[in-house]
Every structure is written in C-alpha cells, then in structure tokens.
Amino acid sequence: MAAWLLDTSVSRLCPNFARIRPTGFKIGQMLILSSISGMRPAKQDQSRKTPPYSLRGLKDLLQNSWCRRPSRFHARSQFGQHQEDPRLRIGPAVLILWLVGTFTAWCNSHLRKAGTQIDNIEEDFRDGLKLMLLLEVISGERLPKPERGKMRVHKINNVNKALDFIGNKGVKLVSIGAEEIVDGNVKMTLGMIWTIILRFAIQDISVEETSAKEGLLLWCQRKTAPYKNVNVQNFHISWKDGLAFNALIHRHRPELIDYDKLRKDDPVTNLNNAFEVAEKYLDIPKMLDAEDIVNTARPDEKAIMTYVSSFYHAFSGAQKAETAANRICKVLAVNQENEHLMEDYEKLASDLLEWIRRTIPWLENRAPEKTMAEMQQKLEDFRDYRRVHKPPKVQEKCQLEINFNTLQTKLRLSNRPAFMPSEGRMVSDINGAWHKLEGAEKGYEEWLLNEIRRLERLDHLAEKFRQKAAIHESWTDGKEAMLTQKDYETASLSEVKALLRKHEAFESDLAAHQDRVEQIAAIAQELNELDYYDSPSVNARCQKICDQWDILGSLTQSRRESLERTEKQLESIDELYLEFAKRAAPFNNWMEGAMEDLQDMFIVHNIEEIQGLITAHEQFKSTLPEANKEREAIQAIQAEVQKIAQYNGIKLAGNNPYTSITPQSIDSKWEKVQKLVPQRDQALQEELTRQQSNDHLRRQFANQANIIGPWIQNKMEEIGRISIEMNGTLEDQLTHLRQYEQSIIEYKPNIEKLEGDHQLIQEALIFDNKYTPYTMEHLRVGWEQLLTTIARTINEIENQILTRDAKGISQEQLHEYRTSFNHFDKDHSGVLQAEEFKACLISLGYDVENDKQGDAEFTRIMGIVDPNNSGAVTFQAFIDFMSRETTDTDTADQVIASFKILAGDKNYITAEELRRELPPDQAEYCIARMAPYAGPDAIPGALDYMSFSTALYGESDL
C-alpha cells in the first residue's frame with residue numbers, strides 16, 4: 001500500500017523508480033530507502049510471500065548532488081515530444097530538509113499529548129525513549145518498560161523495542177536497524193518515521209473500499225467539490241495555491257475561514273492562513289512552509305500527504321458523528337411517519353366505529369308510528385341515509401383497510417413490529433361492526449315496508465269500520481223508541497194486525513242487519529290484532545253497537561209477544577201492504593248493500609287484483625236489469641194498493657202500516673245506485689291505469705337489474721382472474737387495474753339510474769317484482785363489494801411494488817414467487833392453506849418435512865407469515881417472507897452503535913448531545929421518549945438510548 005504513496009516523490013530522485021511499481025508495504029519501504037541511497041533492491045526471495053530487500057550505500061546520498069540519472073519532469077507537448085522542465089530539478093538535500101521539517105512537526109503533534117516534543121529528529125530519537133513514547137501515543141497501547149541507562153546498549157535495546165512493536169503491527173522493517181537510529185543516521189530515521197506515518201496515519205484511511213492513498217484523495221475531492229477554483233487531482237501541485245487547504249477547513253468549520261475573500265493569485269497568503277487556522281483551532285501543527293510550496297514546481301507528495309492526513313483524522317470524528325446522526329435521523333423519520341399513520345388509523349377507525357355505534361340503535365328502533373305520513377317520513381329518512389350518509393362511510397371503510405395494509409407493509413419493510421390497533425379497533429372489529437350495521441339496515445328496511453303495509457291496511461279497515469258503523473247507527477236510530485211504544489193497546493184490530501205485520505217486517509230487516517253487525521265486530525277485532533293506534537275508540541263504538549244490538553233483539557222479541565197476544569182480536573190486515581213490505585224490505589236492504597259496496601274503498605297491488613274487482617263489478621252490473629224488474633214489481637204493489645183504495649173509495653190512513661219504506665225512498669235509492677255505478681267504473685279504470693303504470697315501472701327496473709346484476713358478477717370474476725394471472729410488470733398490472741377501476745367507476749351512472757327507478761317503485765308502494773330475481777339491496781351490496789375488491793386489489797399490487805423497491809426484488813423474482821404461489825393455490829382462492837404453503841416451502845428448498853425439526857421450523861415460519869393464526873397465507877405475506885429471507889435491513893444493534901458514537905462511547909447520552917447532533921424535532925422526539933439511564937455510571941440527566949433503540953424494533957416497550 002505504501003509504494004504508490006511514495007512513487008511520485010521518489011521518482012524525482014531516481015528515474016528508475018518510475019518503471020517499477022511495487023505492490024506491498026515492505027516493497028514500498030525498501031524502494032524509498034533504496035531511492036534515497038541510489039541502490040537497487042536485492043533479488044526477491046521467491047519462497048516468501050513478502051520478499052526481503054537490502055539497503056546499501058545510504059551514505060552516498062548526500063555526497064551526490066543528483067541521482068545517477070538527472071531527475072526530469074516530462075511534459076508532453078501538443079506534438080507528442082517530451083520536453084524537460086529544468087525548474088523541477090531538486091536535489092536530495094532539499095528533499096531531506098522538506099521531510100525533516102514535515103516529519104518533525106508531525107511527531108510533535110502527537111508528542112504534545114504526552115507533554116513533550118523533539119527539536120532534532122536525528123538526535124532526539126537516538127536513545128529510543130521519545131520514539132517509544134511516540135508509538136504509545138499514536139497507537140494507544142503500552143510498550144515494554146524502557147531502559148533508563150545512558151550506555152549505547154541501553155539505547156539500542158530501547159530502539160529495538162520500538163522496532164519490534166512496529167514489526168508486531170504487520171510492518172516488516174528491512175535494512176533499518178537500531179544501530180543506525182542510535183548513530184543518528186538521518187536517512188534511516190526519516191525512513192522509519194515515514195513507515196510509522198504510513199502504518200498509523202494513512203494505512204487505515206479508506207473511502208468506499210479504496211486503498212489508503214486513493215481513499216485520502218477521494219475524501220479530499222468530495223469535501224472540496226463545491227468550492228470554486230479547487231480541483232484536487234494529486235498530492236502535489238493541486239495544493240500549491242492553498243485554496244484546497246482552506247476549503248477543507250471551511251467545509252468542516254465554516255466559522256473559522258471567510259472563503260469568499262481568498263484569491264487564487266495570492267497562494268502564500270492562502271497557505272499561511274490555512275496553516276495558522278489549523279494550528280490555532282484544529283490543533284494541527286504547521287508541518288509545511290508556504291514559500292517552499294509556492295517556490296517549488298512540484299511539492300513533495302509525502303509531506304503533503306502527511307499534513308493532509310492530519311486534517312482527515314481531525315475531522316474523522318465529525319464525519320462519524322454526521323454518519324451516525326444521518327442513520328438515527330433516517331430511523332426516527334421512518335418511526336415518526338409510521339406513528340403518524342397509526343394515529344390517522346386510530347382516529348379514522350374511532351370515528352367510523354362511533355358513527356356505526358350511533359347508527360345501529362337508530363336502525364334497530366322498531367317503535368311504530370301512528371300514521372301513514374309519519375312512516376313515510378321515516379322511509380324518506382332511511383333513503384337519505386342510503387344516498388347521503390352511508391356512501392362516504394363506505395369509502396372511509398375502504399380507505400381504512402388500504403391505510404392499514406400500507407402501514408403494515410411499511411412496518412415490515414423497515415423491520416418494525418406489526419401494528420396492533422387499540423382494542424376493538426382492528427380491521428376485523430370494524431368489519432364485524434359493519435356487518436352488524438348492514439344486518440340492522442336490512443331488517444330496518446323490511447320493517448319499514450311491513451309497517452307501511454300494515455298502516456295502509458289499518459287505514460282502509462278503519463275507514464270501512466266507520467262507514468259500516470255509521471250506516472248501522474243511522475239504521476238503529478229510533479228503533480228502541482219504536483219497539484217500546486204501546487200503540488197497540490188503543491189500536492183497532494186492523495191496526496194491531498198492521499202493527500204485527502210491521503213488526504214481522506222489522507224482524508226481517510233486523511235479521512238482514514245481523515250480517516252487517518258481524519262485519520263491524522270482525523273489522524274491530526282485526527284492527528285490534530293489527531295494533532291500530534285508535535283501538536280504544538273503535539272498541540268502545542263496537543261495544544256500543546253490540547250492546548244496542550242485544551237490546552234491540554230483546555225488545556223485538558218482547559214486542560212480538562205483545563202483538564201476538566192481541567192478534568186474535570185484530571184480523572183485519574191489508575195483504576197488499578204486507579206483500580209490499582215483505583218485498584220492499586229485502587230489496588231496500590239489497591240497495592243499501594249495493595250502495596255500500598259501490599262506495600267501499602279498495603286496495604290492490606297488481607293488475608290481476610284490479611281486474612278481479614272489475615270482473616266482479618261487471619257481474620254486479622249484469623244483475624241490475626233483474627233488480628229493476630223487482631223494483632218495478634214492488635212499485636206495482638203500491639200502485640195496486642192505490643188503485644184498490646181509489647176503486648173502493650177507501651181513505652188510506654197514511655203510510656204503509658207494515659213498513660217505513662216508501663216507494664219514493666226506493667226510487668231515490670235506485671237513482672243513487674244508478675249514479676254510483678259509473679263512478680265505480682271510473683274509480684276501477686283509474687286504478688287499472690295506476691297498476692299498469694306500476695307494472696311498467698317493474699319492467700323498467702327489471703330490464704336494468706337483469707343487465708347490471710350479471711355485469712357486476714362478471715367484473716368480480718374478472719378481478720379475481722387479474723389478481724392471480726401474471727401479465728407484464730407490476731406497474732403494467734397496476735396500470736391495467738386502474739384502467740379497469742376507471743371503467744367500473746364510469747359504469748356508476750347506470751347504478752344511479754337504477755337507484756332512481758327503484759325510488760320511483762318505492763314511491764309507488766310497489767313491494768314485489770316478478771320480472772327479476774334482483775333487488776336493489778342485492779345490487780347495491782354487489783356494487784359496493786366490487787368497488788372495495790378493485791381498490792383492495794390495486795392496494796395489493798402497490799404494496800408489492802413497495803416491497804420490490806424496498807427489498808431490491810427483481811421482476812423475475814416476483815414472477816417466480818407468483819408462479820410458485822399460483823402452482824400450489826389449487827382452488828385459485830388467492831391464499832395458501834397451511835398444507836399448501838408447506839408444499840410450496842418444500843419446493844423452494846426449506847426443510848419443513850413431517851418430523852420434529854421440520855414441524856418446529858414450519859411453526860416458526862407460519863408465525864411470521866400468519867401472525868393472526870388464520871390458517872391461510874396471502875401472496876403479500878409470502879413475498880414479504882421471501883424478501884426478508886434474502887435482504888438485510890436496519891437493526892436495533894446498528895442504531896445502538898450509532899447512538900454510542902454520538903455519546904462518545906458512553907453507555908448513556910444527554911439531552912445536550914442529542915440537540916447538538918440531531919435536527920431539533922427529532923432530538924426532542926428522542927428526549928421525550930428515552931427513559932432515564934440507571935446504570936452505575938449515570939449522571940444527572942443521563943438518558944438510556946439502548947432501551948429506546950430496541951423499542952423502535954419491537955424488542956422491548958417504549
């Protein structure tokens with residue numbers, strides 16, 4: 001390593017050296033000494049790895065003003081001719097002076113640490129004492145105890161101890177003996193000092209696995225790169241103007257030098273400024289002379305290297321601290337980002353769970369409303385929930401799952417423990433709560449529709465009850481007074497018979513009304529069973545009607561008995577009146593029933609039901625001609641009465657004694673029936689039109705649903721195939737999936753149109769649809785699952801890209817992983833069951849056979865890829881495991897080592913040191929989370945960086 005550090009300077013003394021490029025440290029040591037002495041190296045011993053060399057004729061060096069051949073600096077002209085530059089001729093005496101000054105300053109820079117120094121390099125090392133002290137200072141090790149005698153033998157023994165120590169450090173000294181050092185041989189002494197400099201100051205310098213000289217040169221180039229007029233290419237002429245020295249100092253200590261004021265045309269000032277600043281503030285002694293450097297065309301390379309190496313060692317501590325700080329900053333930045341993602345997840349999960357918690361009780365509330373309008377409002381509120389409130393929450397839930405997967409991937413890639421959300425906020429907990437929400441939502445919609453049907457039925461029954469009760473009450477009005485009167489006591493026989501016949505007609509009428517009373521009671525009972533809100537008033541009215549009906553029955557029986565007792569006394573009866581009454585009563589009851597039926601409300605849900613009503617109405621109309629004949633026959637009886645009375649000159653006493661029905665009332669009711677028939681026709685036709693419109697809505701919805709349902713199913717199957725197939729790179733797959741997602745999103749207007757059709761159906765109170773098996777609920781759930789599935793599939797590809805980029809996995813490796821995974825995924829479910837995963841591992845060379853050791857290894861691997869013990873392995877977990885097996889990441893030990901550098905090798909670190917070495921936000925982050933250090937060497941304010949580092953990687957708790 002030393003040879004190439006020496007060749008430039010030595011070549012000026014001996015041109016033969018330029019044609020020889022030794023490769024070992026011992027060869028370099030031999031060559032510099034042989035170059036100084038003018039002797040050639042001895043022949044190499046081929047049997048030894050490092051050949052020994054001999055040194056002869058060192059005493060001839062100073063006797064010759066030049067080497068055997070003149071030293072030349074060859075510059076190639078533009079015509080390719082070599083030209084000699086006489087300015088570069090330098091004698092060995094000048095070289096010796098350069099080296100003596102530089103090496104003396106270098107030695108004193110280390111001896112000062114021991115409180116001493118040397119004045120004469122060839123004299124002060126002769127007794128070996130300061131030489132041993134120098135080696136102890138620069139190596140940090142203790143040498144054998146020196147001998148304090150003044151005799152030559154004592155001095156030789158001390159020098160030998162120093163030379164043995166150098167030899168034990170892997171440096172084989174050739175042709176340098178203790179006697180030459182004791183005798184004050186300046187050339188041997190300089191060779192020995194250069195050997196020490198190479199071994200302890202330069203050899204350990206390495207930048208990006210380069211050798212010492214190249215590493216030191218590369219370090220200088222990097223540090224001075226940003227500075228104008230500085231171009232370090234070597235260790236001689238690149239330093240003549242002094243700017244490079246100043247740039248090195250300014251790069252590390254900018255407060256010491258105002259670099260912009262330096263001028264390239266004033267090298268002496270520049271050099272002296274750098275030397276003085278280095279000596280005053282950096283504790284680097286002045287090893288070079290500014291004027292010597294400027295006045296020499298090619299300064300000595302060894303002297304420059306020795307001085308520059310002092311800068312490297314002076315600033316190496318700062319370089320290590322900067323590297324350590326950068327590592328810690330990187331680790332802390334990753335940790336802070338992960339904590340931010342965790343906090344975002346916790347907040348989003350809490351908000352979503354809180355919304356679900358508030359919404360479920362609302363959906364589970366089954367308190368019925370009293371009126372149709374109130375239930376319609378509840379249905380409208382539910383539609384708002386479906387259209388306005390729920391869709392954003394679906395997006396939040398999907399985004400939450402994506403964020404959770406991305407966070408877990410980042411934690412795995414940064415070698416952090418998996419994120420475990422707070423209790424009750426796992427993705428599975430959110431999915432469980434969401435499933436419960438959808439269950440409550442489905443039950444709530446069914447309940448709403450059933451309640452609307454129930455209230456509609458209740459309204460219809462209540463109106464029907466009121467109509468029938470009003471008709472019955474109108475009929476019973478005054479009947480009790482009629483049945484309790486004693487008119488038969490003073491009546492003539494004919495009058496009594498008339499009263500008896502009238503009573504028989506009343507009984508006939510009463511029997512006809514029995515069916516209506518039973519209908520009223522049945523309607524009241526049904527209203528009670530359907531939990532009608534106004535049941536108490538209905539029950540009271542029904543009870544009153546029933547009680548009154550019982551009283552009428554009792555009074556009727558009592559009056560009949562009274563009339564029959566007097567019947568034998570009264571025989572005169574008018575048969576015609578009686579016949580009229582008997583025929584008029586049922587006919588009148590039929591007309592009242594007809595009017596009631598024609599005014600009766602009806603409710604239907606499809607065309608078949610309304611067509612049934614229309615058919616029944618047509619059948620009723622077909623009976624009208626026969627009814628009209630009966631009416632005419634009844635009216636003919638009354639006409640016959642008038643004719644007989646007129647014919648026989650009988651003065652009628654008034655109305656028909658057997659009935660209260662008059663011909664005028666029959667005609668009046670018949671005319672009313674005639675008017676009600678076309679009104680009923682119109683109502684039925686309007687309902688038919690409405691049902692036809694409803695049927696159109698059913699068909700319109702069914703046509704769309706029968707297209708969208710299979711489309712959603714096909715898209716779900718295509719996404720499943722895309723997630724399993726391996727077409728192109730991950731980026732190509734991601735692009736394809738995003739295009740596929742865009743095509744799905746562009747289909748959303750069809751879903752919205754179907755939602756509009758569904759709303760029209762609900763507003764029309766249509767509860768069934770025989771034209772399609774799909775309901776809006778099924779399609780809505782399928783659409784939401786489709787959006788969630790494509791988003792989750794895209795997220796999986798993005799996580800695979802993250803894993804590939806972070807772990808350095810090639811596309812071919814990912815293809816191989818996917819091929820292996822798909823081969824064992826027999827059911828194409830996208831996951832491997834435990835036995836499938838074991839077979840895959842065996843095919844990849846893992847020893848997980850069915851024995852004790854194999855089962856233990858398989859259990860360990862399953863703990864990595866399936867921490868939740870689900871029994872299945874996803875492809876993401878599979879590639880995470882495979883990438884973890886083949887790549888390296890930051891570890892807790894590396895972070896601890898970095899903190900130890902910042903702490904100056906202490907077992908603890910202080911807040912001041914953290915604030916000095918780290919950016920403010922990350923320093924405060926560490927201070928807030930580091931526990932106090934409790935070791936025996938603790939000081940006030942000491943912080944435990946070891947436990948903090950292990951906690952970052954999940955090996956302990958913060």
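The points below concern aromatic pairs, one buried aspartate, and two of the empty spaces in this predicted model.

1. Aromatic pairs overall. The structure holds 27 aromatic pairs. In one of them, Tyr-307 and Phe-311, the ring centres are 5.1 Å apart and the planes stand at 90°, so this pair is edge-to-face. Both residues belong to helix H12, which covers residues 301-364, and because they are four residues apart there, about one helical turn separates them. Tyr-307 and Phe-311 are both buried.

2. A stacked pair. Trp-711 and Tyr-747 also form an aromatic pair, in this case stacked, with 3.6 Å from centre to centre and 10° between the planes. Trp-711 is in helix H20 (residues 663-724), whereas Tyr-747 is in the loop between H21 and H22, so the pair ties together parts that lie 36 residues apart in sequence. Trp-711 has a relative accessible area of 17% and is therefore buried, the limit being under 20%. Tyr-747 counts as buried too, at 14% relative accessibility.

3. An aromatic cluster. Tyr-307 and Phe-311 reappear in a cluster linked by ring pairs. The other members are Phe-235, Trp-239, Phe-245, Phe-275 and Phe-315.

4. A charge over a ring. Lys-479 places its charged end over the ring of Trp-475, at 5.0 Å from the ring centre.

5. Asp-300. This residue is found in the loop between helix H11 (290-295) and H12. Its relative accessible area is 2%, so Asp-300 is buried. What does its side chain reach at 3.0 Å? The partner is the backbone nitrogen of Ala-303. A polar atom of the Asp-300 side chain also lies 3.2 Å from the backbone nitrogen of Lys-302. H12 comprises residues 301-364, and both of these backbone contacts, to Lys-302 and to Ala-303, can be checked in the model.

6. The second largest pocket. Its volume is about 740 Å³. The lining consists of 28 residues, and those that lie nearest the centre are Arg-386, Pro-391, Lys-748, Trp-783 and Glu-784. Which helices each supply at least two residues of this lining? They are H13 (372-413), H21 (730-746), H22 (748-763) and H23 (776-807). H13 provides the largest share, 10 residues. Sorted by class, the pocket lining has 11 charged, 10 nonpolar and seven polar residues.

7. Cavities. A search of the whole structure finds six cavities of 30 Å³ or more. The second largest cavity holds about 60 Å³ of space. Met-482, Leu-483, Gln-485, Asp-487, Leu-499, Lys-502, His-503, Phe-506 and Arg-559 line this cavity.

8. Make-up of the cavity lining. Helix H15 (479-484) and helix H16 (493-529) each contribute at least two residues to the lining of the second largest cavity. H16 gives the most, with four residues. The lining has four nonpolar, three charged and two polar residues.

9. Points to inspect. For the rings, the stacked pair of Trp-711 and Tyr-747 can be viewed alongside the edge-to-face pair of Tyr-307 and Phe-311. For the empty spaces, H13 is the place to start in the second largest pocket, as the source of the largest share of its lining. In the second largest cavity, H16 has the corresponding place, giving the most to the lining.

Definitions and conventions:
Residues numbered from 1 in each chain as written. Predicted model: local features only at pLDDT ≥ 70, side-chain atom pairs only at ≥ 80, totals over all residues. Heavy atoms only, no water. 1 Å grid on protein atoms, 1.4 Å probe; cavity = no way out; pocket = protein on both sides within 12 Å on 5 of 7 lines; lining within 4 Å. Points joined across faces, edges and corners; volume = space filled by probe spheres on them. Nonpolar A, V, L, I, M, F, W, Y, C, P; charged D, E, K, R; others polar. Phe/Tyr/Trp six-rings, centres within 6.5 Å; stacked < 30°, edge-to-face > 60°. Buried < 20%, exposed > 50% of the residue type's maximum accessible area, 1.4 Å probe, protein only. Lys NZ or Arg CZ within 6 Å of the ring centre and 35° of its normal. Polar contact = N/O pair within 3.5 Å; in protein donor to acceptor, adjacent residues only side chain to side chain.
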